[in-house]
Amino acid sequence: MATRRNVLVMGVAAATALALAACGATADKNEGGSSNDGKPAAGLRIMVPNSPGSGYDTTARTAAKVMEDAKIATGVQVFNLPGAGGTVGLQRTVNEKGNGKLAMQMGLGVVGASYTSKSSATLTQTTPLAKLIEEAGAIVVPKNSPYKTINDLITAWKANPKGLAVGGGSNPGGPDHLLPMQLAKTVGIDPRQVNFVSYDGGGELLPAVLGGKVAFGASGFGEFLDQVEAGQIRILAVTSEAPIEALKDVPTLKSSGIDLVFTNWRGIVAPPGISDADKKVWIDALTKMHDSEQWKAELKKRGWTDAFVTGDEFGTFLTEQDKAVADVLKQLGLA
């Protein structure tokens with residue numbers, strides 16, 4: 001299978017039978033930072049459209065901390081508004097038309113959920129700010145799992161695909177769903193036989209894996225680093241082309257004889273109709289964050305791949321992703 005560094009959708013067709021809002025409120029807009037005055041931006045808020053501990057949550061809080069530490073922005077607030085695979089937050093973002101202080105952390109999962117959840121709000125209605133990172137997926141098991149290697153797991157999964165539940169921190173159509181479906185097809189399992197259990201973000205997936213509610217989990221590897229270090233979870237394989245520096249002893253699927261590479265991405269969007277000045281504040285702040293030594297250290301620490309693009313370039317990428325996901329999900333009868 002071809003490597004998908006610029007993400008998704010070549011492999012979505014492999015998910016042959018994917019199984020398969022909200023009202024807004026207006027945020028405060030009266031704080032400083034709405035002009036390019038050389039001072040740190042102020043009053044910025046980043047909404048995370050799923051639970052604490054998720055990949056979106058980690059990314060947003062890391063970005064906010066770097067902006068604070070590097071004196072790029074002051075008082076950056078991160079808050080969670082989970083629900084429906086991120087589309088509750090998406091609807092809120094669209095409803096906040098003109099609110100230049102608000103942005104939403106998002107990624108591939110929200111693209112798919114906007115269709116599978118039948119959301120009236122779409123990402124093409126938002127204002128693209130920046131694509132931040134790409135991240136490989138991981139296949140994880142609890143420390144007491146009988147599966148010591150990825151091939152141990154695959155052997156058992158092939159013998160009983162319905163009996164081994166796999167959990168993911170996204171709705172059907174999102175990356176944590178697409179990954180096990182593509183993995184199933186790659187190893188010769190009919191995706192229609194996969195017992196997929198959906199959780200609203202990595203923060204909900206983690207206790208399910210730790211508690212043995214699923215046989216294994218599929219999600220971004222960065223969501224499990226603390227638990228790996230604590231010895232609570234084992235990562236059997238990562239889905240990148242090359243090994244991950246933060247997980248030097250963990251094999252890739254390809255090095256384990258499984259011809260699959262999968263990459264997720266995350267970015268930030270703002271409500272529709274914000275002013276050019278507010279858009280510039282966000283893009284300037286995110287660009288300074290990206291260029292900072294603190295952000296570079298976080299990329300290395302978390303094993304994230306730098307994928308930074310802003311504004312219109314990110315908008316073009318979003319439009320391409322939206323169309324590609326919609327086309328595939330329509331072919332599968334899910335949109």
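Pro-49 is buried, with a relative accessible area of 0%. I start there, and I should say at once that this is a predicted model. Pro-49 sits in the loop that runs between S2 and H1. Leaving aside residues up to four places away in sequence, Pro-49 touches Tyr-56, Leu-81, Pro-82, Gly-83, Gly-86, Gly-89, Met-104, Gln-105 and Val-110. Take Met-104 from that list: Met-104 is 55 residues from Pro-49 along the chain, yet their C-alpha atoms are separated by 7.3 Å.

Leu-81 is one of the residues touched by Pro-49, and Leu-81 is next. Leu-81 belongs to the loop between S4 and H2. Is Leu-81 buried or partly exposed? With a relative accessibility of 23%, Leu-81 counts as partly exposed, because buried would need a value under 20%. The contacts of Leu-81, again not counting residues up to four places away in sequence, are Met-47, Val-48, Pro-49, Asn-50, Val-88, Gly-89 and Arg-92. From C-alpha to C-alpha, Leu-81 and Pro-52 are 9.5 Å apart, with their positions 29 residues apart in sequence.

The loop between S4 and H2 also holds Ala-84. Most residues other than glycine have a negative phi. Ala-84 is not a glycine, and its phi is positive, about 55 degrees. Its relative accessibility is 36%, so Ala-84 counts as partly exposed. Lys-118, in the loop between H3 and S6, also has a positive phi of about 55 degrees without being a glycine. Lys-118 is exposed, at a relative accessible area of 59%.

Now the helices, beginning with H2. How many of the nine residues of helix H2 are buried? Eight are, so the helix, residues 87–95, is mostly covered. The buried ones are Thr-87, Val-88, Gly-89, Leu-90, Gln-91, Arg-92, Thr-93 and Val-94. They pack against four strands and a helix: S2 (45–48), S4 (77–80), S5 (102–107), S11 (263–270) and helix H3 (108–116).

In helix H6, residues 202–210, the buried residues are Gly-202, Leu-205, Leu-206, Ala-208 and Val-209. An α-helix has 3.6 residues a turn, so residues three or four places apart point the same way. The partners of the buried residues of H6 are S6, strand S7 (166–168), S9, helix H7 (225–229) and strand S10 (233–238). Just after H6 comes Gly-212, with a positive phi of about 70 degrees.

Two helix pairs share H8. The axes of helix H1, residues 55–69, and H8 come within 10 Å and cross at roughly 85 degrees. That angle makes H1 roughly perpendicular to H8, because 65 to 115 degrees counts as roughly perpendicular. On the H1 side the contact uses Ala-63, Val-66 and Met-67, and on the H8 side Ala-285, Leu-286 and Met-289. By class, that contact has six nonpolar residues, no polar ones and no charged ones.

The second pair is H8, residues 276–291, with H9, residues 293–302; they pack at an angle of about 65 degrees, and their axes are 5 Å apart. Met-289, His-290 and Asp-291 in H8 meet Glu-293, Trp-295 and Lys-296 in H9. Here the classes are two nonpolar, one polar and three charged. Met-289 of H8 therefore appears in the contact with H1 and in the contact with H9, where contact means heavy atoms within 4.5 Å.

Last, the cavities. What is the volume of the largest cavity? About 170 Å³. It is lined by 21 residues, and those closest to its centre are Asn-50, Tyr-56, Gly-169, Ser-170 and Pro-175. H1, H3, helix H5 (175–187), strand S9 (216–220) and S11 each supply at least two residues of that lining. The lining divides into four nonpolar, twelve polar and five charged residues.

The second largest cavity holds about 40 Å³ of space. Its lining is Glu-135, Ala-136, Gly-137, Pro-175, Asp-176, Leu-179, Ser-219, Gly-220, Phe-262 and Asn-264. Strand S6 (127–142), H5 and S9 each give at least two residues to it. By class, there are four nonpolar, four polar and two charged residues in this second lining. Pro-175 lines the second largest cavity and is among the residues closest to the centre of the largest one.

Conventions. Residues are numbered from 1 along each chain as its sequence is written. This is a predicted model: local features need pLDDT of at least 70, side-chain atom pairs count only at pLDDT 80 or more; totals for chains, interfaces and linings use all residues. Side-chain values use heavy atoms; hydrogens and water are left out. Axes are lines fitted to C-alpha atoms, for helices over the stretch in contact, and angles run from 0 to 180 degrees between N-to-C directions. Ala, Val, Leu, Ile, Met, Phe, Trp, Tyr, Cys and Pro count as nonpolar, Asp, Glu, Lys and Arg as charged, and the others, Gly among them, as polar. Angles under 35 degrees count as roughly parallel, over 145 as roughly antiparallel, 65 to 115 as roughly perpendicular and the rest as oblique. Buried means under 20% relative accessible area, exposed over 50%, partly exposed in between (1.4 Å probe, protein chains only). On a 1 Å grid over the protein atoms alone, a cavity is a set of points where a 1.4 Å probe fits but cannot get out, and a pocket is an open set with protein on both sides within 12 Å along at least five of seven lines; lining residues have an atom within 4 Å of a point. Grid points are joined across faces, edges and corners, and a volume is the space filled by probe spheres set on the points.
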